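Dear colleague,

I am passing on the structure we spoke about, together with some notes on what turned up in it. Please look through it at your own pace, and then read on below.

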Amino acid sequence: MWHPTFLLRPRIVSVRSNANGRYWIGMAQVFLSAAVFGVCPTIMSASYRYGVDSYSGPAFRALFALLPLFFLCRIRGISLRIDKKEAGLLATAGVFGLTTTNILFCTSYSIIPVGVATSLHFTYPALTCLLAVLLFREKITAGKLLSLLMAVAGVFICADFAGGSYTPSGIVLALLSAVSYTFLILFLSHTGLGRMNTFCYTFYVSLCVCLCGFVFSAFTGHLTFNIAPMGWMFLLLAAIANLCIALPLFAMGLRKISDTTATVLSTLEPVVSVICATVLLGEKFRIHTGIGCLLVVGSAVLLTAIESRCRKR
């Protein structure tokens with residue numbers, strides 16, 4: 001006998017199909033965002049060959065991103081109004097988080113190879129876990145400890161301390177950029193600033209990076225406008241890629257998939273950086289560099305997998 005519920009079957013299949021399609025689109029968006037983020041260090045490193053300074057470079061990059069971000073917020077109907085508390089939190093995140101990270105990170109890959117600097121910077125997942133245990137009394141499991149050991153081992157193998165292949169100052173700067181980025185993550189996590197609209201947050205933090213970067217560059221004597229046309233082009237390209245393409249893609253993808261899945265996919269970034277630096281900049285790819293990069297990325301993947309398993313419980 002015909003039954004009305006029979007009509008529901010095609011709809012159920014359709015809903016499930018749409019959900020699966022939405023999920024795979026989200027994964028693709030986060031995957032592409034990580035790939036674009038991974039290209040950015042190579043773009044900035046190339047800009048240094050045309051007069052861009054590692055101190056003022058991030059400030060110019062943030063400046064070029066402000067106008068597109070402003071129009072993006074206007075088009076999407078996103079309000080840029082903030083109160084005094086939010087302004088203070090944004091200033092703290094901008095100065096001690098993103099501005100410091102940009103200056104340290106950009107300076108590091110003007111001294112050491114881009115792939116190595118990126119891999120050292122990507123010790124921040126393990127460092128975030130360590131500081132969460134020490135400062136916020138979070139429990140650490142054997143798996144988390146293993147991820148920390150993998151990250152440390154990757155740092156030593158990748159940096160090749162014994163061989164002295166890379167300038168120590170560049171290694172220290174890259175590691176300090178991981179520390180400042182760890183501060184930014186913990187600050188966002190424990191202040192609730194991370195719940196602010198992504199584009200609004202990015203606009204004001206970029207504004208802070210721009211202002212602080214120019215002040216710092218002028219104070220240290222590194223502010224220069226004597227940049228070749230190709231240097232300006234690379235800065236504009238980095239601004240669009242970093243803040244106008246990669247970040248929005250990540251935000252859109254995060255709405256469709258879990259944060260854990262997004263984080264794991266984002267570990268593609270240092271791998272892309274190594275490939276781009278080798279292909280585009282002609283940097284030598286050594287076996288120990290590859291092993292070190294894999295260990296650092298592996299530590300981040302292991303850490304996020306453990307967090308995912310703990311949340312399921």
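A residue is called buried here when its relative accessible area is under 20%, and exposed when that area is over 50%, with partly exposed lying in between. By that rule Val297 is buried, because its relative accessible area is 12%. Val297 belongs to helix α12, which covers residues 287–312, and its C-alpha atom is separated by 8.3 Å from that of Thr123, although the two residues are 174 apart along the chain.

Please keep in mind that this is a predicted model. The average pLDDT of the protein is 77, and 80% of the residues score at least 70. Over residues 1–15, however, the pLDDT is below 50, and this stretch has one contact in the model beyond near neighbours in sequence. Among the elements, the highest mean pLDDT, 89, is that of α2, whereas the lowest, 60, is that of helix α10, residues 259–266.

As for the overall picture, the secondary structure consists of 12 helices and zero strands. The protein has 313 residues, of which 46% count as buried, and it exposes about 16,200 Å², with carbon and sulfur atoms supplying 69% of that area. If one takes the contacts between residues at least 6 apart in sequence, 88% of them join residues at least 24 apart.

Which residues touch the most other members of the largest nonpolar core? They are Met44, Tyr109, Leu193 and Tyr201, in a core of 47 residues. Helices α1, α2, α3 (84–108), α4 (114–121), α7, α8 and α9 (229–254) each supply at least two residues of this core, and α8 gives the most to it, with eight residues. In soluble globular proteins, nonpolar side chains tend to be buried together.

Two buried residues with hydroxyl-bearing names may also interest you, namely a threonine and a serine. Thr182 sits in helix α7, residues 168–191, and counts as buried because its relative accessibility is 0%; leaving aside its neighbours within four places in sequence, Thr182 is in contact with Tyr124, Leu127, Thr128 and Leu131. Ser206 lies in helix α8, residues 198–220, and is likewise buried, since its relative accessible area is 2%. Not counting residues up to four places away in sequence, Ser206 touches Ala62, Leu66, Leu69 and Leu243.

Turning to the surface, Leu67, Phe70, Phe71 and Ile75 make a nonpolar patch of about 440 Å². One of these residues, Phe70, is found in helix α2 and is partly exposed, because its relative accessible area of 33% falls between the two cut-offs.

Is Arg49 buried or exposed? Arg49 counts as exposed, because its relative accessibility is 56%. Its place is in the loop between α1 (8–47) and α2 (57–75), and its C-alpha atom is 9.1 Å from that of Ala228, with the two positions 179 residues apart in sequence numbering.

With best wishes

Key
Residues are numbered from 1 along each chain as its sequence is written. Side-chain values use heavy atoms; hydrogens and water are left out. Helices (H or I, at least four residues) and strands (E, at least two) are DSSP runs, numbered from the N terminus. Buried means under 20% relative accessible area, exposed over 50%, partly exposed in between (1.4 Å probe, protein chains only). Contact means heavy atoms within 4.5 Å. Patches are made of residues with over 30% relative accessible area and no salt bridge: like charges are joined within 9 Å, nonpolar side chains (Val, Leu, Ile, Met, Phe, Trp, Tyr) within 5 Å. Accessible areas come from the Shrake-Rupley method with a 1.4 Å probe; for residues, only the protein chains shown count as cover. A salt bridge is a side-chain nitrogen of Lys or Arg within 4 Å of a carboxyl oxygen of Asp or Glu. pLDDT is the predictor's confidence in each residue, from 0 to 100. A nonpolar core is a set of buried Ala, Val, Leu, Ile, Met, Phe, Trp, Tyr and Cys residues joined through side-chain atoms within 4.5 Å.
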